[in-house]
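Hello,

Here is the structure I promised to pass on. Please open it first, then read my notes below.

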Amino acid sequence: MKKITYLVTKIVVSLAFAFSLLLLLTSSINMKSNNRLYAKQLITNVANDAGFGNLSSLFASSGLEDEMLSYLPKKSEVSITPLEVYNLSSTYKKQGKFSSKDLKLPSKTSGEKFISKYITVGINAGLKRNNEDVKNALNLYQLVYYALLLCFAISIILVLLGKRFAGITAVLSSAGMLVGLLFASEKATTILDEILYSGMKVTISPNFLTAVIVVVIASIVWEVVCHNYRKTQR
């Protein structure tokens with residue numbers, strides 16, 4: 001009976017690790033944008049860059065600006081997963097830029113197309129100004145991505161081989177990814193604030209935390225079952 005429990009636990013824990021990895025790769029990273037604030041700032045910036053700052057003020061005071069902005073969707077939210085970020089990093093390394101489609105920006109209405117176009121232009125301009133740093137960051141991301149896959153593969157293999165403490169690499173890598181994403185989301189919000197405007201915020205899904213919890217619980221269960229099973233074999 002204990003052997004059956006041991007074998008069933010081995011399979012369940014391996015599946016739990018695989019499920020956690022799937023959550024880490026497919027949970028969403030969200031970017032929320034206040035379209036009207038962004039468009040308003042965009043109009044001001046374009047007017048100032050062209051030397052028509054007074055025209056921008058006149059446009060606003062006449063009510064034409066508010067009327068135009070009322071046709072835009074108030075807010076947009078774009079979601080992307082770590083797997084899609086990996087694909088994006090490969091795209092950027094090949095093409096040196098992103099399209100609105102690459103960034104999954106909304107384009108159902110003409111207003112959304114307008115906003116998405118200028119978000120894309122702004123992001124590409126910001127990336128181009130920091131091209132070397134961006135490439136280094138993308139290379140680092142891809143290394144971390146491969147390391148995550150490797151760590152989970154090692155944990156699953158060690159569980160199937162019946163090794164104690166098999167979950168250590170999965171726990172450390174998943175927790176590290178969660179901390180890294182929290183830091184990266186704050187950094188991304190700051191960068192978007194600098195290169196676009198302050199009405200954008202990057203957040204991560206609670207599923208990332210769920211993935212870490214699943215790994216920790218599965219690792220503890222495996223350690224207890226494995227330890228008790230070995231005691232019966234002595």
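From the N terminus on, the elements of the protein chain follow the order α-β-α-α-α-β-α-α-α-α-β-α. That gives nine helices and three strands. Please keep in mind that this is a predicted model.

Some overall figures come next. The protein chain has 234 residues, and 38% of them count as buried. About 13,700 Å² of the chain is exposed, with carbon and sulfur atoms supplying 65% of that area. Contacts often span long stretches of sequence: among those between residues at least 6 apart, 80% join residues at least 24 apart.

Now the interior. The largest nonpolar core has 44 residues. Phe17, Leu24, Ile29, Leu148, Phe152, Phe208 and Trp222 have the most contacts inside it. Helix H9 supplies the largest share of this core, with nine residues. Look at Trp222 in particular. Leaving aside residues up to four places away in sequence, Trp222 touches Tyr6, Thr9, Lys10 and Val13 from the early part of the numbering, and also Val159, Gly162, Lys163, Arg164 and Ala166.

Arg164 deserves its own look. How many salt bridges does a search of the whole structure find? The search finds one. Arg164 forms it with Glu223, and the closest N and O atoms are 2.4 Å apart. Arg164 sits in the loop between helix H7 (131-160) and helix H8 (168-195), while Glu223 is in helix H9, so the pair ties together parts that are 59 residues apart in sequence. Are the two partners buried or exposed? Arg164 is partly exposed, with a relative accessible area of 27%. Glu223 counts as buried because its relative accessibility is 19%, and the cut-off is under 20%.

Helix H9 covers residues 207-233 and includes Ile217. This residue belongs to a nonpolar patch on the surface. The other members are Leu209, Ile213 and Val221. Together the four have about 340 Å² of accessible area.

On to the strands. Asn30 lies in strand E1, residues 29-34. Asn30 counts as buried, since its relative accessibility is 10%. What does its side chain make a polar contact with? The partner is the side chain of Ser28, at 3.3 Å. Not counting residues up to four places away in sequence, Asn30 touches two groups of residues: Glu77, Val78 and Ser79, and then Lys201, Val202 and Thr203.

Strand E3 runs over residues 200-204 and holds Met200. At 2% relative accessibility, Met200 counts as buried. Met200 and Met31 are 169 residues apart in sequence, yet their C-alpha atoms are 6.7 Å apart in space.

One last spot to check is Gly126. This glycine is placed in helix H6, residues 110-129. Gly126 counts as buried, with a relative accessibility of 5%. Its C-alpha atom is 8.7 Å from that of Ile191, and the two residues are 65 apart along the chain.

If you have time for one view, start with helix H9. It gives the core its largest share of residues, and it holds Glu223, a partner in the salt bridge.

Best wishes

Definitions and conventions:
Residues are numbered from 1 along each chain as its sequence is written. This is a predicted model: local features need pLDDT of at least 70, side-chain atom pairs count only at pLDDT 80 or more; totals for chains, interfaces and linings use all residues. Side-chain values use heavy atoms; hydrogens and water are left out. Patches are made of residues with over 30% relative accessible area and no salt bridge: like charges are joined within 9 Å, nonpolar side chains (Val, Leu, Ile, Met, Phe, Trp, Tyr) within 5 Å. Accessible areas come from the Shrake-Rupley method with a 1.4 Å probe; for residues, only the protein chains shown count as cover. A salt bridge is a side-chain nitrogen of Lys or Arg within 4 Å of a carboxyl oxygen of Asp or Glu. Helices (H or I, at least four residues) and strands (E, at least two) are DSSP runs, numbered from the N terminus. Buried means under 20% relative accessible area, exposed over 50%, partly exposed in between (1.4 Å probe, protein chains only). A polar contact is a pair of N or O atoms within 3.5 Å; within protein, one must be able to donate a hydrogen and the other to accept it, and residues adjacent in sequence count only if both atoms are side-chain atoms. Contact means heavy atoms within 4.5 Å. A nonpolar core is a set of buried Ala, Val, Leu, Ile, Met, Phe, Trp, Tyr and Cys residues joined through side-chain atoms within 4.5 Å.
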